[in-house]
Amino acid sequence: MAVRSGGDYRESLAAMSPLVYLDGRVESVPDHPAFTGIIDSYADLYDMQGDDRLAFEEDGSRYAMSFLVPRTQDDLVRRRTAARLWAEYSGGMLGRTGDFLNAALTAFSQAGSWFADADAQFEKNMAAYVTWVRENDILLTSTVGSPQANRSVSAAEQGGGETTLRVVSQDSDGIVVSGARMVATNAPIANEILVMPQTVLRPGLDDMPYSFAFAVPADIEGLTLICRRPLRHGNSVVDEPLAARFEEIDAVCVFTQVRVPWDRVFLLGHPAKSNGMLTQTGATALMAHQSVTRTTVKTEFYAGLLSEMAEAIGIDRYDHVRDDLAQALVAVQMGKSALRAAEADGAVNEYGFFQPDMAPLAAVRNWFPRYFQTLPEKVRKFGASGLTALPYESDTRGELEADIDRYLQGRNVPGHERVHLFNLGFDAAVSSFAGRQALYEYYFHGDPLPMSAAYLTAADTSAHRQIVAKILGRGR
């Protein structure tokens, strides 16, 4: 099949029967109102792959560009262009589009020796799995973290050893796992769930049962998906411009004696190796290239929204407003510059693919989660009480239309157009959808404090210190 269409994606969901709970058992995911908007959006993304910038040809077949193995800098640019087109569709609000994990799979497919170092069969398993996902354009999500029962103890000690996902047995057919993982964004509308290693495991026997990587269908027997409350309230795309279309439901994955066949196991029983699966294979670099592309588009979205709101209500001449706009535009350029630098300074790695330089991408990964929190704050400052004066779309078109166009008008726009624009601001900065976006971006790459600590530990400050030493030396 290779590149599939939105219709193909919908058919794949209709053929699945995941065990999903969302205020009770969900009988049909495609028909449930919490999922219809996001399924429509993902179907649109698949339909977009008819654009040559989103696919490439190989041996007579077309594949999603996110599976292109980069051999040159130009290949990275092609991957970025495709990631950008998908990110523009939602203003960067969709954080789990297929290209994110496809980036990881692309790196894994090239890093065969890394998997073979643990077991030659793991290399074969991963290669076959990536080929299958690529040829069928499968939508993946992933789980990494464990339930937060007691964050002061190790995985082996959580809930008396009964809560963290672990291997409970194995036989000639495969492994059996039980326990929980969180959080799998989009799990109910994904085809497959990639269960990645936890990033902090201790070498030794205690953490051995928690050292694994495998993939299972989202509807495999024994897997229960427990969803959080939806952030879409069932209103129109005018009333909820973002939530109505881009609400990616998060789910806790509860595995109860789930049997994983051997050909879906990619790593087992190597705690120290598990900790490096993403970084040592080059997956982190390709994933960061995609995610920084997305967050840069998201910054552009907020810069555009702020500009539209400022112009609509005539505050675009005030110095403090212009300063906020300038800061947003500077942030856009920082993201774009980091991407260009990562591509220009990339190099062919030990596995033979052209890997973007992590230094500029790592800087953005550390900076953006905190900077992003200021963007909704700016929207609230610009919109102020105007963000609380937002009637339903139906009222803007009914007998109140004349009053709304008069009393809620902007500087150059009638009331109903101002309401439409400010609804977008409300969904981007005030609504529960906006709150989840802020939380999601803050923790997208992990807890920012350990991220900063790791960044500082890895940083080489010798050149900076030399500058200081030279200046001090002149005064001696």
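**Close-up views of a predicted model**

**Figure 1. Glu162 and Arg166 join their side chains in a salt bridge.** The nitrogen-to-oxygen distance in this pair is 3.2 Å. This view, like the others here, comes from a predicted model. The two partners sit in contrasting surroundings: Glu162 is exposed, with a relative accessible area of 54%, whereas Arg166 is buried at 12% relative accessibility. As background, side chains of opposite charge can pair when their charged atoms come close. Counted over the whole structure, there are 21 salt bridges, and the next views show a few of the others.

**Figure 2. Lys273 and Asp117 form a salt bridge between distant parts of the chain.** Here the nitrogen and oxygen are 3.1 Å apart. Lys273 belongs to helix α8 (residues 271-274), while Asp117 lies in the loop between α5 (112-116) and α6 (120-136). In sequence, the two residues are 156 residues apart. Is Lys273 buried or exposed? With 13% relative accessibility, Lys273 is buried. Asp117, in contrast, is exposed, at 59% relative accessibility.

**Figure 3. Glu441 and Lys298 make a salt bridge from one helix to another.** The distance from nitrogen to oxygen is 2.6 Å. Glu441 is part of helix α17 (residues 432-442) and Lys298 is part of helix α10 (residues 283-312), so this pair ties together parts that lie 143 residues apart in sequence. Have a look at the accessibility of each partner. Glu441 has 2% relative accessibility and is buried; Lys298 has 0% and is buried too. Because buried means under 20% relative accessible area, both values fall within that class.

**Figure 4. Helix α17 contributes a set of buried residues.** Which residues of α17 are buried? They are Phe433, Ala434, Arg436, Gln437, Ala438, Tyr440 and Glu441. These buried residues pack against β6 (174-185), α7 (243-246), β10 (250-261), α10, α12 (358-371) and α16. One of the buried residues, Arg436, also takes part in a network of salt bridges together with Arg228, Glu247 and Asp250. Another, Glu441, is the partner of Lys298 in the previous view.

**Figure 5. The second largest pocket has a volume of about 260 Å³.** It is lined by 15 residues, and those closest to its centre are Asn235, Asp239, Glu240, Asn423 and Phe426. Helices α16 (415-429) and α17 each give at least two residues to this lining. Which element gives the most to the lining of the second largest pocket? That is α16, with three residues. Sorted by class, the lining of this pocket holds seven nonpolar, five polar and three charged residues.

**Figure 6. The largest cavity has a volume of about 140 Å³.** The structure has six cavities of 30 Å³ or more, and this view shows the largest. Its lining is made of 15 residues, with Ser66, Arg79, Ala82, Ala83 and Asp99 nearest its centre. The elements that supply two or more lining residues are α3 (73-90), α4 (98-110) and α10. Of these, α3 provides the largest share, namely five residues. By class, eight of the lining residues are nonpolar, four are polar and three are charged.

**Figure 7. The second largest cavity has a volume of about 50 Å³.** Its lining consists of Ser291, Val292, Thr295, Val364, Arg365, Phe368, Pro369, Glu441 and His445. Glu441 will be familiar from the salt bridge with Lys298. Both α10 and α12 supply at least two residues of this lining. α12 gives the most, with four residues. The lining of the second largest cavity has four nonpolar, three polar and two charged residues.

**Figure 8. Cys227 and Cys253 are in no disulfide.** How many disulfides does the structure hold? The count is zero. For Cys227, the nearest cysteine sulfur is that of Cys253, 9.2 Å away. For Cys253, the nearest cysteine sulfur is in turn that of Cys227. Because a disulfide requires cysteine sulfur atoms within 2.5 Å, a pair 9.2 Å apart does not count as one. Both cysteines are buried, Cys227 at 12% relative accessibility and Cys253 at 0%.

Notes. Residues numbered from 1 in each chain as written. Predicted model: local features only at pLDDT ≥ 70, side-chain atom pairs only at ≥ 80, totals over all residues. Heavy atoms only, no water. Salt bridge = Lys/Arg side-chain N within 4 Å of Asp/Glu carboxyl O. Buried < 20%, exposed > 50% of the residue type's maximum accessible area, 1.4 Å probe, protein only. 1 Å grid on protein atoms, 1.4 Å probe; cavity = no way out; pocket = protein on both sides within 12 Å on 5 of 7 lines; lining within 4 Å. Points joined across faces, edges and corners; volume = space filled by probe spheres on them. Nonpolar A, V, L, I, M, F, W, Y, C, P; charged D, E, K, R; others polar. Contact = heavy atoms within 4.5 Å.
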